Amino acid sequence: MNEQIPVLRDVDGGTAKLMPDVDRDRAWLLTVNGAPQSYVDLDEPTHLEFEYARRLAHVLDSAAADGEPLGVLHLGGGALTLPRYIAATRPGSRQDVVEADRGLSALVAEHLPLPAGADVTVHGADARAWLEAAPTDSVDVLIADVFGGSRVPAHLTSLTYARAAERVLRPDGVYAANLADGAPFAFLRSQLATFAAVFPELALIAEPAMLRGRRFGNAILVASHAPLDTALLARRSAADAFPARVEHGTALTRLIGDAKPVRDEDAVPSPEPPDGAFSVG
């Protein structure tokens, strides 16, 4: 029987709570101010509860041959769900995680320790400041999953930020970002326009209902200088419990429409989710 009890702690960004999953021993849900941030199963690191995490994992799985180690930079750490996944599926990978909330990182380190042998280093820093100081051509994959509360911070949405991401990636590297928006998609369209100005290859993974404007939700933006395996991404995303679609090429061009790349001086955070969109009890 799972006898774990919830853990409540004040962190830099508010109140964090670790809640045990009654159906899975040693599995935990992390929330900050009531908004779900991460889900981790310490016994099964390849179990990804959140749909957006599975879609990011599909991008990781398509970034290189199965099992091949990767150099990965994670902007945003939470409970380190994807670093654990990569350590399990691609042993020998070197990973850096940039998490501005040091209190949250301390909570995770105490209650949800990383497995032995995982080459994961957590840095307490601002994501963009770290990115701008990182070495050129130093990582294979850059994952951006940074939320201030339930919103992507404005300084991680601009053309200058996108160019910094491009500089740090190796020539055939892949950028993937977890974004959130709803119709009429002003934020999402601006992000697509921004990254299209820097990377020639672009794709978007999202649920059809979200793309049709029926609900607010997550969308995964994928960008690279190398061709993306959109067929593989589409197959895996379609096979999920909540199937997603992969948009690219002309369909993505239509979605971008007349949206323009975002300048630093015009950058805004992603929109506030509607009440109840991401909260849990």
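Strands are DSSP runs of E at least two residues long, numbered from the N terminus, and in this predicted model one such strand, S9, gives the largest share of the lining of the largest cavity, namely 4 residues. The cavity itself emerged from a search of the whole structure, in which 1 cavity of 30 Å³ or more was found. Its volume comes to about 90 Å³. Around this space stand 13 lining residues, and those that lie nearest the centre are Ala 144, Val 152, Tyr 175, Ala 177 and Leu 179. Two elements give two or more residues each to the lining, strand S9, which spans residues 169-181, and helix H6, which spans residues 186-196. When the lining of the largest cavity is sorted by class, 10 of its residues are nonpolar, 2 are polar and 1 is charged.

Strand pairing was examined next, beginning with strands S1 to S3. Strand S1, made up of residues 7-11, runs antiparallel to strand S2, made up of residues 14-20, and the two are joined by 5 bridges. The connection from S1 to S2 is a hairpin of 2 residues, and among the bridges of this pair is the one that matches Val 11 with Gly 14 in S2. Strand S2 is also paired with strand S3, residues 27-32, again in an antiparallel arrangement and again through 5 bridges. Here Ala 16 has Val 32 of S3 as its bridge partner. The hairpin of S2 and S3 has 6 residues between the strands, and within this hairpin Arg 26 adopts a positive phi near 60°. Strand S2 is thus bridged to S1 and to S3.

Helix packing was considered for the pair formed by H1 and H8. Helix H1 covers residues 51-62 and helix H8 covers residues 230-238; the two pack at an angle of about 145°, and their axes lie 10 Å apart. The sense in which H1 and H8 cross is right-handed. On the side of H1, the contact is made by His 58, Val 59, Asp 61 and Ser 62, which meet Leu 232, Leu 233, Arg 236 and Ser 237 on the side of H8. Sorted by class, the contact of H1 with H8 consists of 3 nonpolar, 3 polar and 2 charged residues. Under the classes applied here, Asp and Arg count as charged, and the contact includes Asp 61 from H1 and Arg 236 from H8.

How values were computed:
Residues numbered from 1 in each chain as written. Predicted model: local features only at pLDDT ≥ 70, side-chain atom pairs only at ≥ 80, totals over all residues. Heavy atoms only, no water. Axes fitted to C-alpha atoms, helices over the stretch in contact; angles between N-to-C directions. Left-handed = near helix turned anticlockwise from the far one by under 90°. Contact = heavy atoms within 4.5 Å. Pairing = 2+ DSSP bridges. 1 Å grid on protein atoms, 1.4 Å probe; cavity = no way out; pocket = protein on both sides within 12 Å on 5 of 7 lines; lining within 4 Å. Points joined across faces, edges and corners; volume = space filled by probe spheres on them.
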